Amino acid sequence: MMDHRLLPNNISLERFRQFLDRYGPFIQSISSSKTKPGQKTLPELDRFRYHDAVSQFHSEGTKRPMKLDDVKTLVDWKLRHGKFRPTLMKLVSENDEALVEDIIQEAVKGYRANSDAPKALNIIAKLRGIGPATGSLLLSVHEPKDVIFFSDEAFYWLCCNGQKSSIKYNAKEYEELSTAAKALVERLGVDAVDIEKVAYVLMKEGPSETISVNGKSDATSNVEPAQVDSSKKPTKRKSNASGDNTLPTPLRRSKRGKAAAYSDPIPLSERFTKIKRNLIAGNEKAVSDSWYRLLSQLRKEADRIAASGSDLIPAIDYFDIHDINKVAAFRDVLKKRGIAIIRRVVPPNVALSWKEESQEYLRHNPHTRGIPQRDPQLYELFWSPGQVRARADSRLLEVQRFVMNIWHSDAEDALVSSNHPVAYADRIRMRKPGDTALGSGPHIDNGSVERWEPDGYGRAGTYAKIFQGQWEEYDPWDSSTRLCVTTDLYNGVGSCSMFRMFQGWISLSSIPPGSGSLHACPMLQLTTAYLLLRPFFSPRSKSGPNFLHEDNWNLHVAQNSVIQGAVPGNGIQELSQAMHPHLRLDKTMMPIPRVEPGDYVMWHPDTVHAAERIHTGTADSSVIYVPACPLTQTNALYLARQRKAFLLGHPAPDFAESGGSPRPGERDYMGRPGVQDVNDAGGEEGLRSMGLLPWDDKKETTSAVERELLRQANGILFPDRFDSFMGRGLKR
């Protein structure tokens with residue numbers, strides 16, 4: 001029987017989001033059992049149903065009428081996603097193409113005029129093989145926010161208290177389903193299409209697993225993701241084409257705060273066993289020896305961090321970034337710690353004005369969405385006056401050049417320039433006291449299993465030294481090993497299309513520790529090496545006082561498919577005390593020191609970080625997310641798309657969708673800035689960072705490689721004015 005807390009009338013928004021996030025990985029996990037040779041995979045069909053079809057037929061921007069081929073693809077999705085009915089596709093295929101187009105147009109037009117779904121479904125039912133269930137699917141693609149698809153799982157969850165029951169698939173039952181869905185839409189502020197996905201996960205994956213919100217269990221003991229309690233019988237799971245599993249169930253941690261009792265995590269597909277073997281093939285002894293050296297260093301460094309605390313996080317004043325001695329000391333510490341603060345990048349009154357301008361923009365446009373939905377604090381805003389001015393500000397661009405020049409390239413012909421920062425449009429956060437929705441556990445962005453995959457980070461050999469047993473020689477600051485990386489092999493949520501040398505934000509308020517701020521683990525090289533080697537080792541004894549000792553850990557002889565904290569399609573790499581015990585995250589995750597308006601906080605893309613679970617302060621914690629991105633070919637290509645979004649008032653490309661539906665954007669927002677505002681804020685340099693003005697490849701370069709990169713970037717961004725021919729012999 002389903003846990004009463006997960007029933008539609010009781011489920012919280014946080015739990016709802018948790019199950020919504022599990023939908024994508026779950027679809028990946030069941031794909032292989034539903035795919036025959038020559039067929040489209042279930043994830044491909046799922047993308048058509050929730051992305052391609054919605055973008056074509058959604059009411060906010062219908063591009064063309066739905067045709068018979070579209071209907072057949074959606075029916076294919078329905079049959080593979082749910083119960084298979086062998087005659088349905090044959091019946092649907094017998095419809096006349098012109099009749100299909102006319103009837104669906106009539107039904108959709110009628111619904112958009114009067115919101116009468118039963119009447120629209122009666123019209124669609126004139127087509128052969130189309131009843132209320134399939135008809136609701138066709139209508140839902142046109143109106144994903146309001147119309148729910150009549151799926152078995154949605155009906156069980158919303159109308160049968162989460163229990164399976166016989167369904168007649170008639171109009172009366174659909175009306176009952178629609179009424180229940182509307183009530184949940186109004187209560188949680190979610191879309192109908194999201195309810196459909198959550199119901200699918202709850203009914204298919206099973207709600208009996210440990211329920212956690214914001215990484216914490218409702219049980220008396222804490223829970224960490226991607227592990228399973230060995231005392232419980234695991235839920236059976238189907239695997240996809242590559243055998244990847246969905247988000248595994250959690251591991252119970254020790255109440256006493258000591259090293260957690262070990263429990264075997266749920267494995268991924270056997271494909272990952274082969275990947276792991278290939279990564280260390282011929283270097284097994286070197287990797288094993290390096291692991292023991294690593295554990296020794298981790299023990300010493302963790303003790304040092306626990307003793308020193310946040311004082312280890314380096315900081316430098318904006319007015320000192322040209323002081324050779326201060327810069328040398330700052331760079332040395334930053335390269336080791338992976339996180340830093342630059343104070344007073346802009347005057348406090350300027351940062352506060354950016355905040356006030358953004359708040360005024362929100363007042364004029366009160367329908368702006370955000371997280372959490374009922375009380376937004378992380379806003380789906382990209383082009384507010386404060387954000388646009390911050391990205392173009394000459395002082396911030398100068399600081400970005402300064403920190404990006406800490407990076408270097410071992411390949412002299414690598415097409416990357418840290419002297420030419422480009423803007424990446426992200427969101428703005430104004431976190432309120434008491435908030436828990438925006439907290440997060442320790443994690444690293446920019447992919448999960450991709451760090452081990454040959455087609456992910458393996459394409460560039462980013463971590464080759466670590467897998468060769470030479471982690472001491474691994475250089476986290478070599479940009480040439482990042483240019484060919486694919487960080488998102490599974491179309492996951494939260495991926496970033498630009499190469500960010502630093503993630504970061506600029507503070508718009510005073511933020512002391514405890515006020516919804518940032519925590520980080522300041523030992524960059526060691527955490528990266530440990531994270532990557534951890535899946536190759538396991539303990540002899542799974543508990544006891546010597547659990548963490550080097551002698552208790554062995555290299556797997558045959559290897560297995562376990563990768564702790566990594567799930568295909570999850571988008572981030574999760575870490576925890578249970579999965580990564582030698583990191584001692586309970587002692588090494590340090591809160592950053594207090595920051596003031598105008599301070600810039602930035603961290604290496606592989607730095608382990610987290611947002612404080614609870615904002616216990618008394619004032620808002622407000623920041624604009626502004627990463628430091630170098631000019632590369634890939635970044636120039638994304639910049640061209642982002643520039644178009646800016647000019648049209650659309651969401652930034654990486655944020656253009658929510659739950660498979662297009663985000664509304666800021667096209668009609670009152671007070672939205674334009675090109676002149678960018679020019680006023682940052683002049684020519686600000687315009688170039690936004691892709692609004694070409695670079696001068698004769699004046700702004702220091703090398704032939706940089707000159708070639710500028711020429712190619714100009715060709716990408718301004719093809720009518722520049723030749724974008726790719727230079728030979730240069731790394732792309």
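## A tour from helix α8 to Glu550

Begin by selecting helix α8, where Ala133, Thr134, Gly135, Ser136, Leu137, Leu138, Leu139, Ser140, Val141 and His142 are buried. In this predicted model, 10 of the 11 residues of α8 (residues 132-142) are buried, so the helix is largely enclosed by the rest of the structure.

Keep Ser136 displayed and add Ile148, which touches Ser136 as well as Ala154, Leu158, Tyr174, Leu177, Ser178, Ala181, Ala192, Ile195 and Glu196, leaving aside residues up to four places away in sequence. Ile148 is also, together with Phe16, Val71, Trp157 and Ile195, one of the residues that touch the most other members of the largest nonpolar core, a set of 70 residues. The largest share of this core, 9 residues, comes from α11.

Next select helix α9 (residues 152-159) and helix α11 (residues 192-205), which pack with their axes 8 Å apart and at an angle of about 85 degrees; that angle makes α9 roughly perpendicular to α11. To display the contact, choose Glu153, Ala154, Tyr156, Trp157 and Leu158 on α9, and Ile195, Val198, Ala199, Tyr200, Leu202, Met203 and Lys204 on α11. Colouring this contact by class should show 10 nonpolar and 2 charged residues, with no polar ones.

Finally, move to Glu550, in the loop between β14 (537-539) and β15 (553-555). Glu550 has a relative accessible area of 12%, and because buried means under 20%, this residue counts as buried. Its side chain makes a polar contact with the side chain of Arg299, at 3.1 Å. With residues up to four places away in sequence left out, Glu550 touches Tyr292, Leu295, Ser296 and Arg299.

Definitions and conventions: Residues numbered from 1 in each chain as written. Predicted model: local features only at pLDDT ≥ 70, side-chain atom pairs only at ≥ 80, totals over all residues. Heavy atoms only, no water. Axes fitted to C-alpha atoms, helices over the stretch in contact; angles between N-to-C directions. Helix = DSSP H or I, 4+ residues; strand = E, 2+ residues; numbered from the N terminus. Parallel < 35°, antiparallel > 145°, perpendicular 65-115°, else oblique. Contact = heavy atoms within 4.5 Å. Nonpolar A, V, L, I, M, F, W, Y, C, P; charged D, E, K, R; others polar. Core = buried A, V, L, I, M, F, W, Y, C linked by side-chain atoms within 4.5 Å. Buried < 20%, exposed > 50% of the residue type's maximum accessible area, 1.4 Å probe, protein only. Polar contact = N/O pair within 3.5 Å; in protein donor to acceptor, adjacent residues only side chain to side chain.
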